[in-house]
Amino acid sequence: MGTWRGLRVAFILGSLFMILLIIVYWDDVGGFNLYPLQEPKHKPPAGPSHSTYTSRAQTSTSSAVPTTAPSTTLVLGETGGAAEAHTEEEGKGKQLQRKEETREDEEEKEKERSRDAEDDREQEARKQRIVDVCSGQDAVEFPGRTRAFEQIPNRELDHLIVDDTHQIIYCYVPKVACTNWKRVMVVLSQSLISPSSGKPYTDPEAVPPDLVHNSSLHLTFAKFWRHYGSLSRHLMALKLQHYTKFLFVRDPFVRLISAFRNKFGRPNEDFYKQFGSVMLRRYANVSGGLPETAAEAFAAGIKPTFQQFITYLLDAETERESIFNEHWRQVYRLCHPCQVKYDFIGRLETLETDAEHLLKLLEVDQLLRFPSGARNRTAASWERDWFAQIPIRMRRELYKLYEPDFEMFGYPKPDSTLHQ
C-alpha cells in the first residue's frame with residue numbers, strides 16, 4: 001500500500017508539471033494568453049521598449065487577440081507624439097511672443113530715454129539763455145537785472161507759490177496756463193476741501209477753476225513775513241536752494257493778445273472799472289459820461305480797442321499811477337529769473353510735453369495728471385491780424401517794453417510784425 005500511494009503522488013505531480021509546461025508553451029507562441037493585451041492608461045514611452053513591443057505584436061500570426069489591437073497601440077503612440085510636437089510648437093510660439101514683447105518694451109524704454117535726454121538738453125539750453133541775458137551778454141538792459149534777491153520787495157514776491165510737502169516753488173504767470181498749474185498746486189498742498197467728499201481734492205481737473213485764484217489758498221513768499229517775521233528771508237533762501245522751482249512762459253505779444261481778449265473782449269466789471277474806463281477816457285472820443293457798468297458799455301458798443309490797450313501800456317503815466325497789472329506785467333518782473341535760479345522753464349507752446357516732463361521731475365506723476373488745456377487758446381498765427389491796425393512806431397516801442405522777455409525766454413524777434 002505504501003508503494004502504490006507513492007506512485008499515485010508521483011503521477012499527480014508529473015501530470016501537474018506537464019500541464020504547466022503546456023501552459024507556458026502556448027502562452028509563449030500566442031495560442032493561449034493568460035494576460036490579454038490591454039490599452040495602456042498612459043502614453044507609451046518613446047524608445048526601444050516601445051518599438052520592441054510593437055514589433056512583437058505585429059509578428060504574432062496566430063494570436064487570440066484581435067489584430068486591431070497592435071494597430072490601435074501604434075496610433076496611440078503616433079497621436080501622443082503629435083500632441084507632444086504641438087505642445088512643443090506652442091511653447092516655442094509663446095517664447096517668441098515673450099521675446100517680441102521684451103524687444104518692444106526695450107524699444108519703448110529706449111525711445112523714452114531718448115525723449116528724456118532731448119528734454120533735458122532743451123531745459124539746459126533754456127536755463128543757459130536766462131543766464132546769458134541776466135549776465136548782460138546779450139546787451140539787453142532792464143530794471144532789476146543786477147539786483148540781489150534780498151533787494152526785491154516782499155510785495156513783488158506774491159507770485160512765488162510754495163508747497164512744503166513736495167518741496168516745490170511755482171511762479172505763476174497769468175495767461176500761461178496758470179489756472180491749471182494752480183489746480184495742481186492745490187491738490188499737492190491739499191489746501192482745498194471737496195464739498196462732495198469732505199476730503200482734499202485729489203484730481204486737479206475736479207478743482208473749480210474760479211476758486212484757485214483765491215490768494216488765501218496759496219502760501220507765497222509775500223506772506224512769509226506775516227508767518228515767520230524776521231526769519232522770513234532766511235527761510236526763503238533755504239527753500240530757493242533746496243526746492244524745485246519752475247515757471248511757464250509764452251510768446252510776449254501773443255500773451256498780450258490773450259490778456260486783452262479775456263479782460264476787454266467781453267464784459268468784465270472789475271477790469272472795465274479799473275482799466276477799461278481809464279483807456280476810454282484817455283484815448284477814446286467819447287462824448288458825455290461813460291456807462292457805469294461793463295454790461296451797459298458793451299450794450300452801447302463802447303469798449304476799449306486793442307490799439308487803445310497798447311497805447312495805455314506805452315503811456316508813461318500808466319506806471320506812474322500804478323504798477324502794471326499781473327496779466328500784462330512782464331515775466332521778468334513777476335518771477336525774477338535773474339535772482340531765482342529756476343530748475344524748469346516750461347513753454348505754453350509745448351505745454352503737454354513740458355507738463356509731462358515736469359511732473360516726472362517733481363516725482364508726482366504717479367499722484368496726478370495735468371488737466372487738459374483750453375480749446376480757445378490764442379494762436380500765434382493771429383498776431384499779424386491783431387497788430388495790423390497798430391502803427392509801426394507803436395509796435396516797435398511795445399517790443400522794447402517786452403524785449404527782455406523775448407530775449408530771456410528764447411522767443412524770436414517778430415520782424416514781420418515790426419516792419420510791415
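Arg145 and Glu141 make a good place to start: their side chains form a salt bridge, with the closest N and O atoms 3.1 Å apart. The two partners sit in contrasting surroundings, since Arg145 is buried at a relative accessible area of 14%, while Glu141 is exposed at 58%. Keep in mind as you look around that this is a predicted model. The points below go through the salt bridges, the nonpolar cores, the aromatic pairs and a patch on the surface.

**Salt bridges**

- The structure has 17 salt bridges by the rule used here.
- One of them joins the side chains of Arg126 and Asp354, at 3.1 Å from N to O. Arg126 belongs to helix 3 (residues 68–134) and Asp354 to helix 13 (residues 351–361), so this pair ties together parts that are 228 residues apart in sequence.
- Arg126 and Asp354 are both buried.
- Glu122 joins in as well: Glu122, Arg126 and Asp354 are linked in a network of salt bridges.
- Another salt bridge runs between Asp343 and Lys245, whose closest N and O atoms are 3.1 Å apart. Here too the pair links distant parts of the chain, 98 residues apart: Asp343 is in the loop between helix 12 (331–335) and strand 4 (344–347), and Lys245 is in strand 3 (residues 244–249).
- Asp343 counts as partly exposed, at 30% relative accessibility, whereas Lys245 is buried, with a relative accessible area of 4%.

**Nonpolar cores**

- In soluble globular proteins, nonpolar side chains tend to be buried together.
- The largest nonpolar core in this model has 83 residues, and those with the most contacts inside it are Trp181, Phe221, Phe309, Leu313 and Trp328. Helix 4 (residues 178–189) gives the most to this core, contributing 7 residues.
- To get a feel for the packing, try selecting Leu313: leaving aside residues up to four places away in sequence, Leu313 touches Leu256, Phe324, Trp328, Leu398, Leu401 and Tyr402.
- Apart from the largest core lies another core, of 6 residues, including Ala284, Leu290, Ala294 and Ala297.

**Aromatic pairs**

- A search of the whole structure turns up 29 aromatic pairs.
- In one of these, the ring centres of Phe221 and Phe224 are 5.0 Å apart and the planes meet at 70°, so the pair is edge-to-face. Phe221 is buried, with a relative accessible area of 0%, and Phe224 also counts as buried, at 0% relative accessibility.
- Phe264 and Phe309 have ring centres 5.8 Å apart and planes at 45°, so this pair is tilted. The pair links distant parts of the chain, with Phe264 in helix 7 (residues 252–264) and Phe309 in helix 10 (residues 306–314), 45 residues apart.
- Phe264 is buried, with a relative accessible area of 3%, and Phe309 is buried too, at 0%.
- Phe221 and Phe309 may look familiar: both were named among the residues with the most contacts inside the largest nonpolar core.

**A nonpolar patch on the surface**

- Some nonpolar residues are found on the outside: Val9, Phe11, Ile12, Leu13, Leu16 and Ile19 form a nonpolar patch on the surface.
- Together, the residues of this patch have about 610 Å² of accessible area.
- To find the patch, look for Phe11, which is in helix 1 (residues 2–29). Phe11 is exposed, with a relative accessible area of 60%.

Key: Residues are numbered from 1 along each chain as its sequence is written. This is a predicted model: local features need pLDDT of at least 70, side-chain atom pairs count only at pLDDT 80 or more; totals for chains, interfaces and linings use all residues. Side-chain values use heavy atoms; hydrogens and water are left out. A nonpolar core is a set of buried Ala, Val, Leu, Ile, Met, Phe, Trp, Tyr and Cys residues joined through side-chain atoms within 4.5 Å. Buried means under 20% relative accessible area, exposed over 50%, partly exposed in between (1.4 Å probe, protein chains only). Helices (H or I, at least four residues) and strands (E, at least two) are DSSP runs, numbered from the N terminus. Contact means heavy atoms within 4.5 Å. A salt bridge is a side-chain nitrogen of Lys or Arg within 4 Å of a carboxyl oxygen of Asp or Glu. Patches are made of residues with over 30% relative accessible area and no salt bridge: like charges are joined within 9 Å, nonpolar side chains (Val, Leu, Ile, Met, Phe, Trp, Tyr) within 5 Å. Accessible areas come from the Shrake-Rupley method with a 1.4 Å probe; for residues, only the protein chains shown count as cover. Rings of Phe, Tyr and Trp (its six-membered ring) pair if their centres lie within 6.5 Å; planes under 30 degrees apart count as stacked, over 60 as edge-to-face and the rest as tilted.
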